[in-house]
Amino acid sequence: MAHPHIHPFLLTTLKLTDTKTSIMNKLLSSFLTLCFLVLVFDTPTSNATGRNMVDGIFLPSQKNEQPYRTGYHFQPPSNWMNDPNGPMLYQGVYHFFYQYNPLAPTFGTIVWGHAVSHDLVNWIHLDPAIYPTDEPDISSCWSGSATILPGNLPAMLYTGSDSTSRQVQDLAWPKNRSDPFLREWVKSTHNPIITPPEGVKDDCFRDPSTAWLGPDGLWRIVVGGDRDNNGMAFLYQSPDFVTWTRYENPLAAADSTGTWECPDFFPVPLNSTNGLDTSVVSSGSVLHVMKAGFEGHDWYTIGTYSPDRENFLPQNGLSLSGSTLDLRYDYGNFYASKSFFDESKNRRVLWAWVPEKDSEEDDIEKGWAGLQSFPRALWIDRSGKQLIQWPVEEIETLRENEVKLKNKRLKSGSVVEIEGVTASQADVTISFKLEDLKEAEVVDTCSVDPQALCTDKGASSKGVIGPFGVLAMASKDLKEQTAIFFRVFQNQKGRYSVLMCSDLSRSTIRSTIDKTSFGAFVDIDPRYDEISLRNLIDHSIIESFGAGGKTCITSRVYPQFLNYEDAHLFAFNNGTQSVKISQMSAWSMKNAEFTIDQTVKSAT
């Protein structure tokens with residue numbers, strides 16, 4: 001995966017170390033960076049672009065021919081897309097790379113797709129940036145990350161699959177740094193710069209992280225893998241970004257979790273929604289996040305990082321074990337995420353791959369597969385216990401035709417249509433106020449699996465306080481509907497828990513669709529807090545944010561009705577106790593602009 005440094009790393013280090021050590025480190029880093037620049041521009045390289053492959057960039061079909069294509073979520077015009085790679089800001093331009101098969105809407109030989117934006121909303125598609133061209137990546141160019149080195153040099157670390165399917169780590173950089181679109185890339189002749197360590201299978205070692213600079217002047221990265229089915233983030237150090245040495249112990253590990261994919265490691269400030277450059281070290285006001293992907297989910301933990309001991313200590317004993325008690329970015333269809341520090345707005349931004357849930361035959365018929373989540377700003381909650389995610393503010397430029405609702409009581413069995421918005425492409429925020437909680441159903445929420453609870457007690461299962469929420473992408477007769485809802489329980493000691501669900505059981509009448517429901521608990525106290533929900537609805541994707549982004553669930557939906565003018569949006573309450581909509585705002589969403597750069601070969 002990928003992630004960028006936007007300002008010189010040592011500016012942050014200067015704030016966290018004594019002056020003498022900082023100056024020495026700055027001089028050391030500048031010297032090592034100069035050595036790297038000499039390597040880059042004096043060493044023979046190979047072009048990253050493969051001119052012998054078809055790019056496969058075509059304009060997308062019209063909506064009436066492609067009812068499941070999105071209006072404002074990123075996807076290439078055609079073919080297969082998966083992991084986000086190397087997002088960064090360079091010379092005022094946002095760069096987004098992604099795993100891409102230019103030849104088919106199915107997984108195959110993978111290249112790095114490339115697009116640029118000035119606002120994270122509207123995108124220009126470019127030629128793919130990195131192709132399989134040499135032995136260290138001849139089979140595929142897999143996920144990786146961007147690091148902005150001092151001197152404003154983007155360096156891309158990525159996993160190459162060689163002719164024996166061995167996974168190795170490679171290095172590439174822009175051919176022409178004066179081009180803000182960075183259209184062409186070259187590869188280091190030192191590739192591969194890292195090979196699988198002893199005891200690690202050749203095909204279980206991938207996805208280098210963004211690098212960070214330690215107080216000792218050494219760069220660090222983590223690479224995902226496993227030993228004997230025990231997942232881990234291998235730690236590597238380098239003085240020059242070319243020669244890497246594995247540290248004796250992994251930075252993080254967990255038993256029986258399989259290969260860790262797309263690890264991400266970054267600092268977060270306490271008591272702030274700001275982001276931080278990756279090289280900021282832990283202190284009393286800064287913690288670190290370790291994220292790893294396995295079992296189809298992105299798990300994370302928050303803790304303290306000590307670069308002098310290369311030790312990451314998770315807080316509260318939480319680990320990346322895959323337990324239902326462990327933290328996840330998103331409890332739905334959301335994987336292989338990658339974050340980066342956006343210096344222009346002092347924030348950390350997160351993307352993730354949102355795969356299809358229809359069949360491969362459907363994908364071939366559509367001519368494309370895979371979406372990206374809408375970019376999310378990410379920060380730590382005031383409690384310090386979990387992360388908050390929220391769509392980046394630029395999304396509001398797409399809003400139009402606002403519809404409002406206040407103090408609307410939803411009696412038991414109520415279904416109220418939200419009219420005046422384009423229900424197939426909308427942004428909806430709604431807050432619910434509860435009255436009497438004493439009669440809430442009793443459930444041992446400490447031992448129950450919330451996803452299983454959502455499956456057992458779906459939107460049609462009448463409770464006391466809930467289910468209440470929104471019916472999205474619904475047909476007029478409600479035979480097809482995706483219910484995003486809450487339900488309140490209490491345990492034997494009277495402690496209340498709020499369950500958030502995305503019930504896909506009736507999202508379509510098509511029989512070939514995966515309609516697995518999703519669910520998670522939300523860390524709020526309904527005695528004092530209203531329960532809020534935001535839904536980004538965009539044809540075949542619904543991103544749901546509970547309690548201001550404390551709990552997120554992303555779903556893919558494929559209703560049978562193909563005319564999206566027939567889509568409807570409702571608020572509902574299927575609990576025996578009334579709830580009140582304290583306030584609601586819903587907007588129709590305009591299409592984002594997706595264009596093709598004039599230099600793209602296939603456009604000519």
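**K366 and its partner**

I looked up K366 and found this residue buried, with a relative accessible area of 11%. I note at the outset that the model is predicted. K366 forms a salt bridge with E356, and I read 2.8 Å between the closest N and O atoms. The pair links distant parts of the chain, since K366 sits in helix 3 (residues 360–366) while E356 belongs to the loop between strand 22 (347–354) and helix 3, with the two 10 residues apart. Is E356 buried or exposed? At a relative accessible area of 12%, E356 is buried, because the cut-off for that class is under 20%.

**Other salt bridges**

I then searched the whole structure and found 30 salt bridges. As background I wrote down that side chains of opposite charge can pair when their charged atoms come close.

One of the pairs I checked joins the side chains of D162 and R166, with 3.1 Å from N to O. I looked up the accessibility of each partner: D162 is buried, at a relative accessible area of 4%, whereas R166 is partly exposed, at 26%.

Another pair I checked is E435 with R409, whose side chains meet in a salt bridge at 2.6 Å, N to O. Where in the chain do E435 and R409 lie? I placed E435 in the loop between strand 29 (425–433) and strand 30 (441–442), and R409 in strand 27 (residues 399–410), so that this salt bridge links distant parts of the chain, 26 residues apart. For exposure I noted that E435 is partly exposed, with a relative accessible area of 46%, and that R409 also counts as partly exposed, at 38% relative accessibility.

I also recorded a network of salt bridges, in which D342, K345, R347, E393 and E394 are linked.

**Cysteines**

How many disulfides does the structure hold? I found one disulfide, formed by C454 and C501, with their sulfur atoms 1.9 Å apart. I looked up the dihedral next, and with -80 degrees about the S-S bond the link of C454 and C501 is left-handed. C454 lies in helix 4 (residues 450–456) and C501 in strand 33 (residues 496–503), so the pair ties together parts that are 47 residues apart in sequence. Both C454 and C501 are buried.

I checked the accessibility of two further cysteines: C141 is buried, with a relative accessible area of 0%, and C204, at 13% relative accessibility, counts as buried as well.

**Strand 37 and its hairpin**

I turned to strand 37 (residues 551–556) and asked how many of its residues are buried. Six of the six are, and strand 37 is therefore largely enclosed by the rest of the structure. Going through the two faces in turn, I found both covered, with T551, I553 and S555 buried on one side and C552, T554 and R556 buried on the other.

Which residue of strand 37 is the bridge partner of F545? I identified C552 as that partner. Strand 36 (residues 541–546) and strand 37 pair in the antiparallel sense, and I noted six bridges between them. These two strands form a hairpin with four residues between them, and in the turn I found that A547 has a positive phi of about 55 degrees.

How values were computed
Residues are numbered from 1 along each chain as its sequence is written. This is a predicted model: local features need pLDDT of at least 70, side-chain atom pairs count only at pLDDT 80 or more; totals for chains, interfaces and linings use all residues. Side-chain values use heavy atoms; hydrogens and water are left out. A salt bridge is a side-chain nitrogen of Lys or Arg within 4 Å of a carboxyl oxygen of Asp or Glu. Buried means under 20% relative accessible area, exposed over 50%, partly exposed in between (1.4 Å probe, protein chains only). A disulfide is a pair of cysteine sulfur atoms within 2.5 Å. Two strands pair if DSSP finds at least two bridges between them.
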